[in-house]
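Please open the model in your viewer and keep the selection panel at hand, since the tour below moves from one selection to the next.

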Amino acid sequence: MRYPRVIQDDVAYLKRTIGESHVSTGESNRDLHSRDESYHAPCRPDVVVWPQKTEDVVTAVKLAARKGYAVTPWCAGTSLEGNPIPVKGGICLDFSEMKRVIAIREKDLQVDVEVGIPYRELNNQLRRYGLFFPPDPGAHAAIGGMIGNNASGVRTVAYGATRDCILALEAVMADGEVIRLGSRAIKSSSGYDLLRLMVGSEGTLGIVTEATLRLRGLPPEYLTVVAVFPGIRDACEAVGDIIRYGLNPAALELMDAAVVAEINRDQKMTLDEKPMLFLEFHNVNDAALASQFGMVEGVLREHGVVTIERGIGADERARLWEVRHGALDSLKRNHPGQSVLLVDTCVPISRYADMVDKAKDVVRREGAIGFFWGHAGDGNLHLGLMFRPDDAAAVAAVRRVNRAVVEHSIAVGGSCTGEHGVGIGKLAFMAAEHGISLEYMRRIKQALDPKGILNPGKMLPEEGSDAAS
Ligand SMILES: Cc1cc2nc3c(=O)[nH]c(=O)nc-3n(C[C@H](O)[C@H](O)[C@H](O)COP(=O)(O)OP(=O)(O)OC[C@H]3O[C@@H](n4cnc5c(N)ncnc54)[C@H](O)[C@@H]3O)c2cc1C
């Protein structure tokens, strides 16, 4: 489908209505909004708008609806599948100036925010209330983008993904209508669940402007543990048993030896360069933590753990999570001139170890350079495949690895994306994962956005395109 370029008269209209300084057609601003953190090709919007309030979003969307312009919402641009790249040009709505905390209801463990607020900034503000918003994708993501991608992170194994932590939303729909979804109740049996439909829709069904988030109390006590294993399969099997025995980790992260070595090199760490698990437990006091960990330790030993480091203090804990979150950046810094295709798949936990084995085999067979880590407690694997973008053979090889791992994941009852979303990179797998229900997704899109102006080119492969099969 073709989309018109935004004409100068309409840019002038946006400037008059939203404010001269909140609208730009400058080259550098368009460049900054042409790429996310992925390897996907950049594409510039015609104009960038920084809404200051919901009515500004309404103004832009109504203009787009009248003229048929594409509208792509943008928060921090840290996506890994091309999700916010404005592939059809048009208007890019950057939410970074809509970042107010509107209300904190500490007794209800809720906060109302504008969606441009980065989740780390929000958590800094919430700390003094003894509360936090659990999804923790690691990058400097903002709430709107986390809602767009249904982001998750290291603590999802205990507290759920973004979708589990959203109670209500305000959204601007494709015709410019403002609607509110959800309520302040933590459960409801009322009506179709449009709230959960909107979360993870990557800005293709509506543009979220405000959200009511479900918070959690900061745990009274933490225990962080680093467990080193002789082989990655031992570590993966230990993960399966920790989950199966209901030992309630608050984080259960896998890192293979090669990625630990990359982290050591880049982040000046001295971690043992072997497969390892980072585990965290949250409980009411030290005695409860000790008894919980006693059972976990038994499982780790059954799977041949080599060393267990515990008793990690608060500063060191923060440092460990920082280095874990920095794994992808370490790869990028250690391999200048190379790109990373980050495979993101998720399978039932009993299939996790086999998926990792399968992925290792494919990487070896293709002669690719791959680094393995992931939110193992959720059955979520990340495999960072390095390649030189100008090396056609290497590009083809990493694409084949990606396809093989994703198809394997779908074949064993998993998903083509655990948390990074469909964007551009996973379009080709939507039919394999969803079959006939993809047609129902198309009908939902058609009903809510009949002109197809909201983040076009994402989520649903165009019928007849290569990606549709
Ligand atoms: C180093 C690194 C580590 C990462 N680790 C993780 C991880 O552990 N877990 C994880 O889930 N992700 C991870 N990510 C990916 C990324 O951080 C998440 O997908 C995050 O949710 C993106 O948020 P953002 O604010 O950058 O959104 P953007 O990239 O700006 O947008 C994301 C999507 O949401 C849409 N969108 C933006 N604003 C709105 C809005 N107001 N209304 C509706 N839709 C909107 C966009 O169009 C786009 O489709 C990582 C990324 C990096 C670079």
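Select Leu448 to begin: at 31% relative accessibility this residue counts as partly exposed, where buried means under 20% relative accessible area, exposed over 50% and partly exposed in between, with a 1.4 Å probe and protein chains only. What you have open is a predicted model, in which local features need pLDDT of at least 70 and side-chain atom pairs count only at pLDDT 80 or more, while totals for chains, interfaces and linings use all residues. Residues are numbered from 1 along each chain as its sequence is written, and side-chain values use heavy atoms, with hydrogens and water left out.

Leu448 belongs to helix α16; helices (H or I, at least four residues) and strands (E, at least two) are DSSP runs numbered from the N terminus. Now add Tyr192, Leu194, Leu197 and Ile444, which together with Leu448 make a nonpolar surface patch of about 480 Å². The elements giving two or more residues to this patch are α7 (194–198) and α16 (437–448). Such patches consist of residues with over 30% relative accessible area and no salt bridge, like charges being joined within 9 Å and nonpolar side chains (Val, Leu, Ile, Met, Phe, Trp, Tyr) within 5 Å.

Staying on α16, select Arg443 and Glu439, whose side chains meet in a salt bridge (3.6 Å, N to O), the term standing for a side-chain nitrogen of Lys or Arg within 4 Å of a carboxyl oxygen of Asp or Glu. Both residues lie in helix α16, four residues apart, about one turn of the helix. By this rule the count comes to 36 salt bridges.

Next, select Glu462 and Lys88, a pair with a salt bridge of 3.4 Å, N to O, between their side chains. Glu462 lies in the segment after α16 and Lys88 in the loop between β3 and β4 (91–94), so the pair ties together parts that are 374 residues apart in sequence.

For a network of salt bridges, select Glu27, Arg30, Asp31 and Arg44, which are linked in one. Within this group, the side chains of Asp31 and Arg44 meet at 3.2 Å, N to O.

Which residues should you display around the ligand to see the closest ones? Among the 34 residues that surround the ligand, the closest are Pro73, Thr78, Ser79, Pro137 and Val208, a residue being near a molecule if one of its heavy atoms lies within 4 Å of it. With distances switched on, a backbone N or O atom of Pro73 appears 2.6 Å from an oxygen atom of the ligand, and a backbone N or O atom of Ser152 lies 2.8 Å from a nitrogen atom of the ligand. Taken alone the ligand exposes 980 Å², of which the protein buries 97%, the accessible areas coming from the Shrake-Rupley method with a 1.4 Å probe. Colour α5 (143–149) as well, as this helix gives the most to the shell, with five residues.

From the shell element β10 (207–214), pick Glu210, which lies in that strand and is buried, with a relative accessible area of 17%. Its side chain is joined to that of Arg180 by a polar contact of 3.1 Å; a polar contact is a pair of N or O atoms within 3.5 Å, and within protein one must be able to donate a hydrogen and the other to accept it, with residues adjacent in sequence counting only if both atoms are side-chain atoms.
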